[in-house]
Amino acid sequence: YALPQSGSVKLTIYDMLGQEIRALVNEVQAPGMYTVLWNGRNDHGFAVASGLYFYRIEAGNFVQTRKMTLVR
């Protein structure tokens, strides 16, 4: 993702039921390009099952939710 200006960024993974699986980013970041890699584990370190998940990114006034498929 690209940030045009510095600000608070939150990137979170959710399951099909809307339960939070993993918070990947939750910090203030400077402007620039960023890449985040999810290892398919939850916040407790356990591997999650293959399937459909959602990620939500919040940066300033921008909020976007997209779906993704995890294949093991």
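**Exercise 1: strand pairing**

Which residue in E5 is the bridge partner of Val9? Work it out on this predicted model, then follow E5 onward to its other neighbour.

*Solution.*
- Start with the pair of strands. E2 covers residues 7-14 and E5 covers residues 51-59; they run antiparallel and are joined by six bridges.
- Now look across from Val9: its bridge partner in E5 is Ala59.
- Next, go to E6, residues 62-70. Nine bridges pair E5 with E6, again in the antiparallel sense.
- For one example of that register, take Glu58, which stands opposite Val63 in E6.
- Finally, check the connection. Two residues sit between E5 and E6, making the pair a hairpin, and Gly60 in the turn has a positive phi of about 65 degrees.

**Exercise 2: the overall layout**

Find how many helices and how many strands the protein chain has, and then sketch out its general dimensions.

*Solution.*
- Counting elements gives zero helices and six strands. Read from the N terminus, that's β-β-β-β-β-β.
- For the dimensions, lay a box along the principal axes: the C-alpha atoms fill roughly 35 × 20 × 20 Å.
- On burial, 24% of the 72 residues count as buried.
- On contacts, take those with a separation of 6 or more; 42% of them come from residues 24 or more positions apart.

**Exercise 3: placing Tyr34**

Decide whether Tyr34 is buried, partly exposed or exposed, and list what surrounds this residue.

*Solution.*
- First, locate Tyr34: it belongs to the loop between strand E4 (32-33) and E5.
- Its relative accessible area is 24%. Buried would need under 20% and exposed over 50%, so Tyr34 comes out as partly exposed.
- Then look for neighbours, skipping residues up to four places away in sequence: Tyr34 touches Tyr1, Leu3 and Gln29.
- The side chain of Tyr34 also reaches the backbone oxygen of Ala30, at 2.6 Å.
- For a longer span, try Phe62. Tyr34 and Phe62 are 28 residues apart along the chain, and their C-alpha atoms are separated by 16 Å.

**Exercise 4: placing Asn42**

Do the same job for Asn42: is this residue buried or exposed?

*Solution.*
- Asn42 is also in the loop between E4 and E5.
- The relative accessibility here is 18%. The cut-off for buried is under 20%, so Asn42 counts as buried.
- Its side chain reaches the backbone nitrogen of Gly45 at 3.0 Å.
- Leave aside neighbours within four places in sequence, and Asn42 is in contact with Ile21, Arg22 and Val48.

**Exercise 5: the largest pocket**

Describe the largest pocket: its volume, its lining and the chemical make-up of that lining.

*Solution.*
- Begin with the space itself, which comes to about 480 Å³.
- Then the walls: 23 residues line the largest pocket, and Tyr1, Leu3, Ile57, Ala59 and Phe62 lie nearest its centre.
- Sort the lining by element. Strand E1 (2-3), E2, E5 and E6 each give two or more residues, and E2 gives the most, with five.
- Sort the lining by chemistry, and you get 16 nonpolar residues, seven polar and no charged.
- To tie this back to earlier steps, pick out Ala59: this residue near the centre of the pocket is the bridge partner of Val9. Likewise, Tyr1 and Leu3, named among the residues nearest the centre, are touched by Tyr34.

Technical notes
Residues are numbered from 1 along each chain as its sequence is written. This is a predicted model: local features need pLDDT of at least 70, side-chain atom pairs count only at pLDDT 80 or more; totals for chains, interfaces and linings use all residues. Side-chain values use heavy atoms; hydrogens and water are left out. Two strands pair if DSSP finds at least two bridges between them. Helices (H or I, at least four residues) and strands (E, at least two) are DSSP runs, numbered from the N terminus. Buried means under 20% relative accessible area, exposed over 50%, partly exposed in between (1.4 Å probe, protein chains only). Contact means heavy atoms within 4.5 Å. A polar contact is a pair of N or O atoms within 3.5 Å; within protein, one must be able to donate a hydrogen and the other to accept it, and residues adjacent in sequence count only if both atoms are side-chain atoms. On a 1 Å grid over the protein atoms alone, a cavity is a set of points where a 1.4 Å probe fits but cannot get out, and a pocket is an open set with protein on both sides within 12 Å along at least five of seven lines; lining residues have an atom within 4 Å of a point. Grid points are joined across faces, edges and corners, and a volume is the space filled by probe spheres set on the points. Ala, Val, Leu, Ile, Met, Phe, Trp, Tyr, Cys and Pro count as nonpolar, Asp, Glu, Lys and Arg as charged, and the others, Gly among them, as polar.
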